Protein chains: 2
Amino acid sequence: MVEVHKKNSMAEISMENLLRIFTVPEAPGSTLNRLDTDISANLAGFLQEHIVAEEADLVKIEQDFNDTRVPEDPVFVSEHTEFLLDKVVAQSVHTSSPSFVGHMTSALPYFMIPLSKIMIALNQNLVKTETSKAFTPLERQVLGMLHRLTYGESTEFYDTWLHHGRKRLGAFCSGGTVANITALWTARNRAFGPDGDFPGINHSGIFGAMRHYGCEGAAVLVSDRGHYSLSKSADVLGIGRENLIAIETDSCNRICLDALERKIEELKQQRIRPFALVGIAGTTETGNIDPLDKMADIAEAHGLHFHVDAAWGGPTLFSNRYRPLLKGIERADSVTIDAHKQLYVPMGVGLVLFRDPSMLESIEHHAQYIIRQGSKDLGSTTLEGSRPGMAMLVHAGLKIISRRGYAMLIENGIELARRFADRIATLDDFELVSEPELNIFTYRWVPAEVQARLREADAGLRHQINEVLSRITQTLQKEQRERGKAFVSRTRLTPECYDQQAITVFRVVLANPLTTDEVLREVIEEQRELAAEMYDNADMQALRALLAQA
Amino acid sequence: MVEVHKKNSMAEISMENLLRIFTVPEAPGSTLNRLDTDISANLAGFLQEHIVAEEADLVKIEQDFNDTRVPEDPVFVSEHTEFLLDKVVAQSVHTSSPSFVGHMTSALPYFMIPLSKIMIALNQNLVKTETSKAFTPLERQVLGMLHRLTYGESTEFYDTWLHHGRKRLGAFCSGGTVANITALWTARNRAFGPDGDFPGINHSGIFGAMRHYGCEGAAVLVSDRGHYSLSKSADVLGIGRENLIAIETDSCNRICLDALERKIEELKQQRIRPFALVGIAGTTETGNIDPLDKMADIAEAHGLHFHVDAAWGGPTLFSNRYRPLLKGIERADSVTIDAHKQLYVPMGVGLVLFRDPSMLESIEHHAQYIIRQGSKDLGSTTLEGSRPGMAMLVHAGLKIISRRGYAMLIENGIELARRFADRIATLDDFELVSEPELNIFTYRWVPAEVQARLREADAGLRHQINEVLSRITQTLQKEQRERGKAFVSRTRLTPECYDQQAITVFRVVLANPLTTDEVLREVIEEQRELAAEMYDNADMQALRALLAQA
């Protein structure tokens, strides 16, 4: 049906042919339907392989994507599909592989694929009800479900606010970054709102607000484990990255409350007004959870907006067993949850919830042609404008996996992490660097004799050994990635036991129920092999020299 | 394969069953594959109907989305699919209908649906190459193609910068709003960058920047036809909505250059520093194009960042016939183009291009665990973090529709608008309010005798008649929408011929090649019928009374 173009044949581009590609194919046996089946088969083949990525150099792949001229002549859909399967699918990263345990890119329940077709084909636009009809109440229901999971308000509360014309329980967005920006934007606008003659920061900007309120600056506080999107938010929102104040963390990567309170006082003395405090429920690097309840006390005492970045850890709330870890989240003014992480929905959807359905009014906006005053259009309180109906997939996950299913996925991940961390602690040649609180932990390769020396060595030598180990960890991580069988990421931490020296570590993120103890054992085994193969490498030689010197 | 849950049967939730839903179904005849086929058939049925929306009250629809408890027990995928087809698909807006001519939600070439499956199933994350491999060079190629279309730099230029580690030709994002924010964020950070001891606005925030640079504020200039996302950007970026300066437009909805220059001088005298000028290529309400070339002169003379919001009109560049309308766009520092508008890609993708590949460095950011310094990761210069591989669909459109195909779509739309506007101008009972320059125009229902009276009446009476006509237009627009056969949007304009009085008008947006002269004739015919049916309505009576009075 769609094979309307003959390649390089000018005569074949016609309006008639163009109309056809916009027309729904009627015959079930049409070329397009056959293509659809072929794509499914090919994807199934790709997804069934447990290889993380085919070994191919990025520079080599770039050669297939070098031409910057928009082609004058069309190609057949079938021809382009072949190109995609050959040059794109085959060169993708198998993010759903059980041995892909390095980034927060989760596996996908297979039913998401056919259901996504509904979303794509309907092409609704959530900015307003005129282009989304049933999708608008559906999105509000999902916000309501996650609001209730987080805040547990009464049925009456939800009956009143769920579909309210002027209020919103939260905002859907393309991901956690936009969710965090939306939360801090709201907090900023509420902290420096209209006051007497002053029309508010949204109207007058930061410069006017600081002068009106007699401040020398505005600050947001978060632990030094805060996600980089928060620093980006501080830049975007005009607060400045230096006013995203990073508070030191304890040995469990949790914010130090004393340091936090000291800093708040210090800022106030400098007439810099702290307006928001961010707690983390699942730090990106180590998966730890801040003492949210105590942070809520501090936020309350100082009149700060309390935001919880639960992009990763939010779905822990599904588990009755682990929900207590997040105690205090129900006191947050706003909470970020990423749906494309532990809600197992395809890439491109996060959300921010607000305890008080009036809070989003501080960023409300209208236009004559859409999102008019008083309409139920969700676009009046989102940072983004036109938005796809991704809420439909979150909704499907909640119905098809259900609360108990998500709880089981969460519990499985945490317990797998615990078992594996315990195992690493028993190994001679590996060292656990951060304990798992959720389903993330860090470790590194350190042979037994090096571990012994590290304990005895003076600060200078310990520093040198750690430097070499960091380079080795980096090489091991890259080598393993290039082999393509498994993927573990790496980051740099400053553990107390090494006098806050920055060391490079492997970071394991478990977000695939198909990942087993066995898979993780193989990951370690491969790293051990790689280390053995690196025997003659310069860093290994340097390491041996340092040991001999000691 | 996926029918792992028995409804309401606790015993059926097990880890084993959960694992299954994450496993690729092997049998081609699996339940999930059958479901997939059913969904396709149902969607084809829905899409083949040319009805815009089933008549159903939003409040009634909301009843299907009232429960805010996350279900304890799972439902079958098949059961949920049935719910979706019944309660969501059937209650959606048929945005691809040829008689949906009211919003910037375009039709979808059918091949986008099977190809989207590839994107969804691979679930790549464009924030970094480790989770996107081939998708990263692919996205860069698309940026390169649209950069070349816009700026036409040399082959050597693209060979140098297309896949460069530190430079970017632009940024993909979820839509035009984020694209505009990204452009103005970049402009802001460049205008108030590091200077001597001052580390830059990104670091110190706006308050510090204003003090260092000795300004009383920072401003962005745009015509009063600017999209609401610009005002939202001014709020988000901390500039303040009052510092998004709206310049008056002429009778063709184009920015008045004299007024612009006067305003720049005025701001400078107030020590408010204008740092960006926004030109519009396709105003949202009327589809007009600012005098971009002359605006580029003014931007150059005053050292302003020149941004062009071509979210709608950008693809006009494909047409050699109409490309001259955008003359001067090649002098812009940055350009926004929405892919989910006239590139006919599914909802959720826009982009911003930068003439100079170094500009995005002003918003660059890094983290230890991803987007490290020197990596090719696209995430270091985007507002968003994790992002889906939507670029793959833009790429597919460019290959399968090709430059000439897009040109034909653009030309068809503009010429259809022209013919239809000409026709309205000849009708007794309708009045053309804004002429189409691209494929958007506005008009209203005004019977011949009212038109005559409007010409003769004094200012007071004219004002009264227009007020009544506005109410009637609003009712007609709502009635037509509720009938569900066609959808035209409405907005409020302040035409010169009515002494800048705000009047409500119908707004036609043509973004579907299946829309024909005949379809538009029927839209008008239905409005005429609705007006006749409204004969006894209070506003119609008021209109007659006003005529009698004159």
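This passage describes the domains, the chain interface and the cysteines of a predicted model.

Chain A was examined by domain. The assignment divides chain A into three parts. Domain 1 covers residues 10-81, domain 2 covers 129-401, and domain 3 covers 405-549. Domain 1 of chain A and domain 3 of chain A are in contact, with five residues taking part from domain 1 and six residues from domain 3. The C-alpha centres of these two domains of chain A lie 41 Å apart.

The interface between these domains was then characterised. The size of an interface is often given as the accessible area lost when the parts come together. Between domain 1 of chain A and domain 3 of chain A, the buried area is about 380 Å². Carbon and sulfur atoms give 55% of that area. On the side of domain 1 of chain A that touches domain 3 of chain A, three residues are nonpolar, one is polar and one is charged. Zero salt bridges were found across the interface of domain 1 of chain A and domain 3 of chain A. The count of residue pairs in polar contact between domain 1 of chain A and domain 3 of chain A is also zero, with both residues required to be at pLDDT 80 or more.

The interface between the chains was treated in the same way. Here, 175 residues of chain B are in contact with 176 residues of chain A. The area buried between chain B and chain A is about 15600 Å². Carbon and sulfur atoms contribute 65% of this area. The interface of chain B and chain A holds 14 salt bridges. One salt bridge links Asp36(B) with Lys117(A), and the closest N and O atoms of this pair are 3.0 Å apart. Between chain B and chain A, 74 residue pairs are in polar contact, both residues being at pLDDT 80 or more.

Finally, the cysteines were checked for bonds. Zero disulfides were counted over all chains. A disulfide would need two cysteine sulfur atoms within 2.5 Å. For Cys173(A), the closest cysteine sulfur belongs to Cys173(B). The two sulfurs are 14 Å apart, so they are too far for a bond. Cys173(A) is buried, with a relative accessible area of 7%. For Cys497(A), the closest cysteine sulfur is in Cys252(A). No bond forms between them because the distance of 12 Å is too far. Cys497(A) is exposed, and its relative accessible area is 55%.

Note on methods: Residues are numbered from 1 along each chain as its sequence is written. Chains are lettered from A and ligands numbered from 1 in the order in which they are written. This is a predicted model: local features need pLDDT of at least 70, side-chain atom pairs count only at pLDDT 80 or more; totals for chains, interfaces and linings use all residues. Side-chain values use heavy atoms; hydrogens and water are left out. Buried means under 20% relative accessible area, exposed over 50%, partly exposed in between (1.4 Å probe, protein chains only). Domain bounds come from an automatic or database domain assignment. Contact means heavy atoms within 4.5 Å. Buried area is the accessible area (1.4 Å probe) that two parts lose on being put together, summed over both. A salt bridge is a side-chain nitrogen of Lys or Arg within 4 Å of a carboxyl oxygen of Asp or Glu. A polar contact is a pair of N or O atoms within 3.5 Å; within protein, one must be able to donate a hydrogen and the other to accept it, and residues adjacent in sequence count only if both atoms are side-chain atoms. Ala, Val, Leu, Ile, Met, Phe, Trp, Tyr, Cys and Pro count as nonpolar, Asp, Glu, Lys and Arg as charged, and the others, Gly among them, as polar.
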